[in-house]
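Trainee: I've got the structure open, and I'd like to test the labels people put on it. Can we go through them one by one?

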Amino acid sequence: MDELTPGQIEILKHTVINCSNGLYCGDSPDMQKLIELGLMEFAGRKSFVPDPYFRITDAGFDRALEELENDG
């Protein structure tokens, strides 16, 4: 299992808990690393939002659940 930074873990958990339809809005170096690891993927843009959207993958969802279980 790849070691994730606290920021990357927070993106995954936030996407599962707070984001509608598993879509996260906003790009960053942490997001790009999550994409590289196959935990998130590009989901497109909306004309009225300046930042891109990203979707959590099945592997990302599983990793987020593992991290949430470790929290509790």
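Trainee: Let's start simple: where is the place of N70?

Mentor: N70 sits in helix 3. Keep in mind that this is a predicted model.

Trainee: And why does N70 count as exposed or buried?

Mentor: Its relative accessibility is 61%, and the cut-off for exposed is over 50%, so N70 counts as exposed.

Trainee: What about E67, which element does that one lie in, and what makes it buried or exposed?

Mentor: E67 lies in helix 3. Buried means under 20%, and E67 comes in at 14% relative accessibility, so it goes down as buried.

Trainee: Which residues is E67 in contact with, leaving aside its neighbours within four places in sequence?

Mentor: I9 and K13. Helix 1 covers residues 6-18, and I9 and K13 are both listed among its buried residues, along with Q8, I11, L12 and T15.

Trainee: What do those buried residues of helix 1 pack against?

Mentor: Strand 1 (23-25), helix 2 (29-36), strand 2 (40-44), strand 3 (53-56) and helix 3 (58-71).

Trainee: How do you know what span to expect for helix 1?

Mentor: Take 1.5 Å times one less than the number of residues. Helix 1 has 13 residues, and that gives an expected 18 Å; the model has 17 Å from first C-alpha to last, which is close.

Trainee: G7 is in that helix as well. Why is G7 called partly exposed?

Mentor: Its relative accessible area is 31%. Partly exposed is what falls between the 20% and 50% cut-offs, so that's the label G7 gets. For a sense of distance, G7 and L39 are 32 residues apart in sequence and 14 Å apart in space, C-alpha to C-alpha.

Trainee: On to the sheet. What makes strand 1 and strand 3 a pair?

Mentor: Pairing needs at least two bridges, and three join strand 1 to strand 3, so they qualify; the two run antiparallel. In that pairing, L23 stands opposite R55 and Y24 stands opposite F54.

Trainee: How many bridges join strand 2 to strand 3?

Mentor: Four, again running antiparallel. E41 has R55 of strand 3 as its bridge partner.

Trainee: So what is the strand order, and why are some strands said to stand at the edges?

Mentor: The sheet is open, three strands in the order 1-3-2. Strand 1 and strand 2 each have a single partner strand, so each has one side without a neighbour in the sheet, and that puts them at the edges. On average, neighbouring strands are turned by 40° against each other, direction ignored. Helix 2 packs on this sheet, touching strand 1, strand 2 and strand 3, and its direction makes about 110° with that of strand 2.

Trainee: How many aromatic pairs does the rule count?

Mentor: One. F42 and F54 form it, with 6.0 Å centre to centre and 75° between the planes.

Trainee: What makes that pair edge-to-face?

Mentor: Ring centres have to lie within 6.5 Å, and planes over 60 degrees apart count as edge-to-face. With 6.0 Å and 75°, F42 and F54 pass both tests, so edge-to-face it is. The pair links distant parts of the chain, with F42 in strand 2 and F54 in strand 3, 12 residues apart.

Trainee: Why do F42 and F54 get their accessibility labels?

Mentor: F42 is at 49%, under the 50% line, so it counts as partly exposed. F54 is at 2%, so it counts as buried.

Trainee: Which residues touch the most other members of the largest nonpolar core?

Mentor: L4, L12, Y24, M31, L34 and M40, out of 13 residues in that core. Its largest share, three residues, comes from helix 1. Beyond residues up to four places away in sequence, L4 touches I9, L12, L34, L37, L39 and R63.

Trainee: Last one: what makes the phi of N21 worth a look?

Mentor: It's positive, about 60°, although N21 is not a glycine. Most residues other than glycine have a negative phi. N21 lies in the loop between helix 1 and strand 1, and with a relative accessible area of 70% it is exposed.

Notes: Residues are numbered from 1 along each chain as its sequence is written. This is a predicted model: local features need pLDDT of at least 70, side-chain atom pairs count only at pLDDT 80 or more; totals for chains, interfaces and linings use all residues. Side-chain values use heavy atoms; hydrogens and water are left out. Buried means under 20% relative accessible area, exposed over 50%, partly exposed in between (1.4 Å probe, protein chains only). Contact means heavy atoms within 4.5 Å. A nonpolar core is a set of buried Ala, Val, Leu, Ile, Met, Phe, Trp, Tyr and Cys residues joined through side-chain atoms within 4.5 Å. Rings of Phe, Tyr and Trp (its six-membered ring) pair if their centres lie within 6.5 Å; planes under 30 degrees apart count as stacked, over 60 as edge-to-face and the rest as tilted. Axes are lines fitted to C-alpha atoms, for helices over the stretch in contact, and angles run from 0 to 180 degrees between N-to-C directions.
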